[in-house]
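Student: I am new to this structure and would like a close look at one part of it. Could you pick a spot where two helices meet, take me through it slowly, and then lead me on from there to the rest of the chain?

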Amino acid sequence: MKIAIIGAGYVGLVTALCFSDMGHNVVCVDTDIKKVKSLKEGKTPIYEKRLDELLEKHLNKNFKVTSDLSDAMAEEPEAIFIAVGTPSDSEGRLDLSYVKKAAIDIAKYLDFYSVIVMKSTVLPGSTESLVPIIEKESKRKLGSGFGLAMNPEFLKEGTAVEDFMKPDRIVIGYYDEKSRKVLEEIYTSITAPKIFTDIKTAEMIKYASNVFLAARVSLINEIGNICKQLGIDVYEVAEAVGLDKRIGPYFLRAGVGFGGSCFPKDIMALINKSKEIGENADIMEAIVKVNDRQPLKILQLALQKFPNLHKKRITVLGLAFKADTDDIRESRAVPLIEALLSMGADVTVYDPLAMQNFKKQYNYKIKYAEDLHDALKSADICFIMTDWAEFKKAKDYENVYIFDGRNLFRRLHNYEGICW
Ligand code: UDX
């Protein structure tokens with residue numbers, strides 16, 4: 001099928017290249033000229049497993065990229081996916097301006113029938129709120145002139161391609177049968193439960209999924225903090241708890257909390273929506289509160305052992321919000337680094353992938369180590385904030401006392417884990 005994807009960001013690019021790999025003809029549109037140029041040269045602007053390989057395989061065959069939407073629309077795609085950013089405003093409310101702009105731009109060139117599909121994470125009601133804008137701009141009517149659907153993504157950074165190809169489920173919110181058929185055809189080759197529902201429900205499924213996952217992390221962290229005080233290993237507790245089929249084993253890794261582009265932003269957006277409609281969001285507010293506290297819990301542990309961190313040589317391992325990505329959004333290392341600097345510590349950091357991004361965004365007085373050895377060779381204390389496998393080598397450095405926020409080790413003599 002002919003598909004256009006608006007937005008070559010994380011979600012848009014993975015979606016576009018996976019659709020190409022499924023045999024569809026895809027054109028991806030982005031206003032960022034530098035990004036488009038780099039993609040045309042066969043370079044992916046983000047680090048994600050298998051993405052380079054897919055780009056090489058499909059570029060200039062059934063995958064094209066352009067900064068000119070009219071080019072993409074000239075091909076008369078049967079579906080147009082909106083996969084642009086949905087940032088938060090300063091109050092944590094969802095900012096729909098990119099989504100609205102994309103809808104207006106699409107509508108300008110919409111002189112044929114196509115299904116407009118929302119891929120970006122948007123609050124219930126947002127996709128349908130675009131209809132008057134599209135109708136006005138395109139002078140076409142929803143139903144006869146264009147279709148509408150909402151198809152949320154559930155991709156994890158680091159395994160996004162695999163998550164796309166082998167999903168737990170595909171959720172499709174659709175306006176009418178005509179729209180449903182197009183989406184059904186796009187996903188024919190993927191074997192997974194397919195949930196067909198209305199558009200608002202599809203939007204809510206995405207938020208509910210993320211809130212549930214984040215809730216599990218905050219809950220196990222809270223239990224872990226209690227366990228720590230009582231001398232209990234929360235990982236042993238979680239293993240046994242997870243064997244209960246009603247609970248399940250996933251997302252019970254206690255540590256320094258969750259970061260990333262989705263959980264923090266989506267929970268705040270839903271909390272704000274709840275308030276707007278006069279509903280309580282007590283549990284969601286607690287998820288955020290526990291998560292904000294969690295990176296500093298590891299510092300409290302360190303202060304029990306080393307009450308004065310002034311001039312101590314401290315290494316923070318891990319700037320990415322989790323392993324296998326260079327993404328530093330809502331990195332758990334940030335609150336820790338800020339607290340360490342305010343105490344006058346001498347801070348060195350190391351991350352195998354995320355240091356460039358970190359340097360670009362933050363202007364802290366810290367040292368960036370060349371490699372793990374450089375980071376640890378003369379450190380007194382080390383904090384592990386990301387679960388990179390290579391950080392396991394830290395245990396070979398007898399000079400360093402380790403505070404492990406990601407449960408990479410258990411029970412070393414020069415070691416303290418956050419939650420056991
Ligand atoms: C998440 C959702 O999993 C995905 O479905 C959605 O589309 C986008 O948001 P992602 O942000 O890539 O994906 O990462 P994920 O693997 O879910 O981890 C999120 C954060 O939670 C990370 O900081 C991770 O370290 C933390 N986490 C996860 C824990 O602290 N403990 C756990 O048990 C699991």
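Tutor: Happy to! Let us begin where two helices touch: L13, V14, L17, C18, S20 and D21 on the α1 side meet L51, L54, L55, K57 and H58 on the α3 side. Sorted by kind, the residues of this contact are seven nonpolar, two polar and two charged. Please keep in mind as we go that this is a predicted model.

Now look at how the two helices are placed. Helix α1 covers residues 10-21 and helix α3 covers residues 51-58, and their axes come within 10 Å and cross at roughly 50°. Because angles from 35 to 65 degrees are neither roughly parallel nor roughly perpendicular, α1 counts as oblique to α3. The crossing also has a hand: α1 passes α3 in a left-handed way.

Stay by α3 for a moment and look at R50, which sits in the loop between α2 (33-40) and α3. The phi of R50 is near 75°, a positive value in a residue other than glycine. That is worth a pause, because most residues other than glycine have a negative phi. As for its surroundings, R50 has a relative accessible area of 39%, so R50 is partly exposed.

If you would like a second case of this kind, go to N407, in the loop between β13 (401-404) and β14 (415-417). N407 is not a glycine either, yet its phi is positive, at about 55°. With a relative accessible area of 18%, N407 is buried, since buried means under 20%.

Back to the part of the chain with α2, for some charged side chains. K37, E41 and K43 are joined in a network of salt bridges. One of its links is the bridge between the side chains of K43 and E41, with N and O 3.2 Å apart. K43 has a relative accessible area of 48%, so K43 is partly exposed. E41, at 45%, is also partly exposed.

In the model as a whole, the count comes to 22 salt bridges. Another of them joins the side chains of R313 and D380, at 3.0 Å from N to O. This pair links distant parts of the chain, with the two residues 67 apart: R313 belongs to strand β9 (residues 313-317), and D380 to the loop between α16 (372-376) and β12 (381-384). R313 is partly exposed, at a relative accessible area of 39%. D380 has a relative accessibility of 23%, so D380 counts as partly exposed.

A further salt bridge joins the side chains of D374 and K377, at 3.0 Å from N to O. The two partners fall into separate classes of accessibility. D374 is buried because its relative accessible area of 13% is under the 20% limit. K377, at 47%, is partly exposed.

To finish, here is a second pair of helices to set beside the one we started with. Helix α10 (residues 199-230) and helix α11 (residues 234-242) have axes that come within 9 Å and cross at roughly 135°. That angle makes α10 oblique to α11. Here the crossing is right-handed, whereas that of α1 and α3 is left-handed. In this contact, I220, I223, G224 and C227 of α10 meet V234, V237 and A238 of α11. The residues divide into six nonpolar, one polar and no charged.

Helix α10 also holds A215, which is partly exposed at 24% relative accessibility. For a sense of scale, try the span from A215 to A74: the two are 141 residues apart along the chain, and their C-alpha atoms are separated by 45 Å.

Our last stop is N291, in helix α13 (residues 282-305). N291 has a relative accessibility of 3%, so N291 counts as buried. Leaving out residues up to four places away in sequence, N291 touches S218, G257, F258 and R332.

Technical notes: Residues are numbered from 1 along each chain as its sequence is written. This is a predicted model: local features need pLDDT of at least 70, side-chain atom pairs count only at pLDDT 80 or more; totals for chains, interfaces and linings use all residues. Side-chain values use heavy atoms; hydrogens and water are left out. Axes are lines fitted to C-alpha atoms, for helices over the stretch in contact, and angles run from 0 to 180 degrees between N-to-C directions. Helices (H or I, at least four residues) and strands (E, at least two) are DSSP runs, numbered from the N terminus. Angles under 35 degrees count as roughly parallel, over 145 as roughly antiparallel, 65 to 115 as roughly perpendicular and the rest as oblique. A crossing is left-handed if the near helix is turned anticlockwise from the far one by less than a right angle, and right-handed if clockwise. Contact means heavy atoms within 4.5 Å. Ala, Val, Leu, Ile, Met, Phe, Trp, Tyr, Cys and Pro count as nonpolar, Asp, Glu, Lys and Arg as charged, and the others, Gly among them, as polar. A salt bridge is a side-chain nitrogen of Lys or Arg within 4 Å of a carboxyl oxygen of Asp or Glu. Buried means under 20% relative accessible area, exposed over 50%, partly exposed in between (1.4 Å probe, protein chains only).
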